[in-house]
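Work through the exercises below with the model open beside the text. Each task is followed by a solution in steps.

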Amino acid sequence: MGDHKEQPLRVGAAVRRRRRTLELTLAVVAGRSGLSVPFLSQVENERARPSRPSLERIADALGTTAAELLAAADPACSVEVLRADDADHTDVPPGPPRVRPLVRGHHQLHAMEFIGDHDEGREFQHRNDELMYVVDGAVEVEAEGRAYRLGRGDTLYLSGGVRHRWRATVPETRVLVVAVADHIEALEERARRR
């Protein structure tokens, strides 16, 4: 229960992401695949499930394979539990610093737990928004030329595009980072609303 591997996959989201990455219209994909625009729209919106031959035609039109589209598909489940001792997400070496993914698979949000020190020299700039929450310990964050000191229970919100770097200032600091995934077009949506 809760294991995404047991759930059916939503391949439509993977098809849409691939099509948009290639900057193709549904009409172009329809022309290349020999499938109708309405059918492709239904596939992308999870209202129709393509047969294996149809999925292969879609993949060919998108310059990929059906296997790659299935690998990039989202699990259909809406609830998933990831246990602290799950072996398939603890592939980071033991000892500080440690990074533990808190969400499995390809989703709209990424969530990671950082334990111990962090490479303070590494600068980040993500496409979309990010929230940092200090579970335990303390961190120093440099963002857009300003320094912020965060302690237990503090949060820092970073809009997409903000350059930042951070480091733990207390041993065994635990930081939770939740970010909108890079494949989500949140920045473009924000620009359209202005």
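## Exercise 1: a sheet and its edges

An open sheet has three strands, in the order β7-β6-β9, and their pairing is antiparallel. The model is a predicted one: local features need pLDDT of at least 70, side-chain atom pairs count only at pLDDT 80 or more, and totals for chains, interfaces and linings use all residues. Residues are numbered from 1 along each chain as its sequence is written, and side-chain values use heavy atoms, with hydrogens and water left out.

Task: find which strands stand at the edges of this sheet, and describe how β6 is joined to β9.

Solution.
- Step 1. Strands are DSSP runs of E with at least two residues, helices are runs of H or I with at least four, and both are numbered from the N terminus. Two strands pair if DSSP finds at least two bridges between them.
- Step 2. The edge strands are β7 (146-151) and β9 (164-168); each has a single partner strand, so one side of each is left without a neighbour in the sheet.
- Step 3. On average, neighbouring strands of this sheet are turned by 20° against each other, direction ignored. The axes behind this angle are lines fitted to C-alpha atoms (for helices over the stretch in contact), and angles run from 0 to 180 degrees between N-to-C directions.
- Step 4. Strand β6 (residues 138-143) runs antiparallel to β9 and is joined to it by five bridges. Opposite Glu-140 stands Arg-167 in β9.

## Exercise 2: alternation along a strand

Task: which side chains of strand β8 are buried, and which are not?

Solution.
- Step 1. Buried means under 20% relative accessible area, exposed over 50%, and partly exposed in between (1.4 Å probe, protein chains only).
- Step 2. In a regular strand the side chains alternate between the two faces of the sheet.
- Step 3. In β8 (residues 155-158), Leu-156 and Leu-158 are buried and point to one face, while Thr-155 and Tyr-157 point to the other and are not buried.
- Step 4. Strand β5 (residues 130-136) is antiparallel to β8, with four bridges between them. Leu-158 in β8 is the bridge partner of Glu-130.

## Exercise 3: the nonpolar cores

Task: which helices supply at least two residues each to the largest nonpolar core?

Solution.
- Step 1. A nonpolar core is a set of buried Ala, Val, Leu, Ile, Met, Phe, Trp, Tyr and Cys residues joined through side-chain atoms within 4.5 Å.
- Step 2. The largest core has 19 residues, and those touching the most other members are Val-11, Val-15, Val-29, Leu-40, Ile-58, Leu-62 and Leu-69.
- Step 3. At least two residues of this core come from each of α1 (11-21), α2, α3 (37-44), α4 and α5. Four residues, the largest share, are from α4.
- Step 4. Contact means heavy atoms within 4.5 Å. Neighbours within four places in sequence aside, Val-29 is in contact with Arg-19, Leu-24, Leu-40, Ala-61 and Leu-62.
- Step 5. A second, separate core holds 14 residues, including Phe-124, Val-134, Leu-158 and Val-177.

## Exercise 4: two loop residues

Task: are Thr-64 and Leu-35 buried or exposed, and what do they touch?

Solution.
- Step 1. Thr-64 is in the loop between α4 (52-61) and α5 (66-71). Its relative accessibility is 11%, so Thr-64 counts as buried.
- Step 2. The side chains of Thr-64 and Glu-68 make a polar contact of 2.4 Å. Such a contact is a pair of N or O atoms within 3.5 Å; within protein, one must be able to donate a hydrogen and the other to accept it, and residues adjacent in sequence count only if both atoms are side-chain atoms.
- Step 3. Beyond its neighbours within four places in sequence, Thr-64 contacts Arg-18, Ala-59 and Leu-69.
- Step 4. Leu-35 lies in the loop between α2 and α3. With a relative accessible area of 12%, Leu-35 is buried too.
- Step 5. Not counting residues up to four places away in sequence, Leu-35 touches Ala-30, Leu-40, Ser-54, Arg-57 and Ile-58. Leu-35 and Arg-57 are 22 residues apart in sequence, with 8.1 Å from C-alpha to C-alpha.

## Exercise 5: confidence

Task: where is confidence lowest, and where is it highest?

Solution.
- Step 1. The predictor's confidence in each residue is the pLDDT, from 0 to 100. The protein averages 80, and 75% of the residues score at least 70.
- Step 2. The lowest mean, 48, belongs to helix α6 (residues 186-193), and the highest, 96, to helix α2 (residues 26-33).
- Step 3. The pLDDT is below 50 over residues 87-94, a stretch with 10 contacts in the model beyond near neighbours in sequence.
- Step 4. Where pLDDT is low, the predicted coordinates should not be read in detail.
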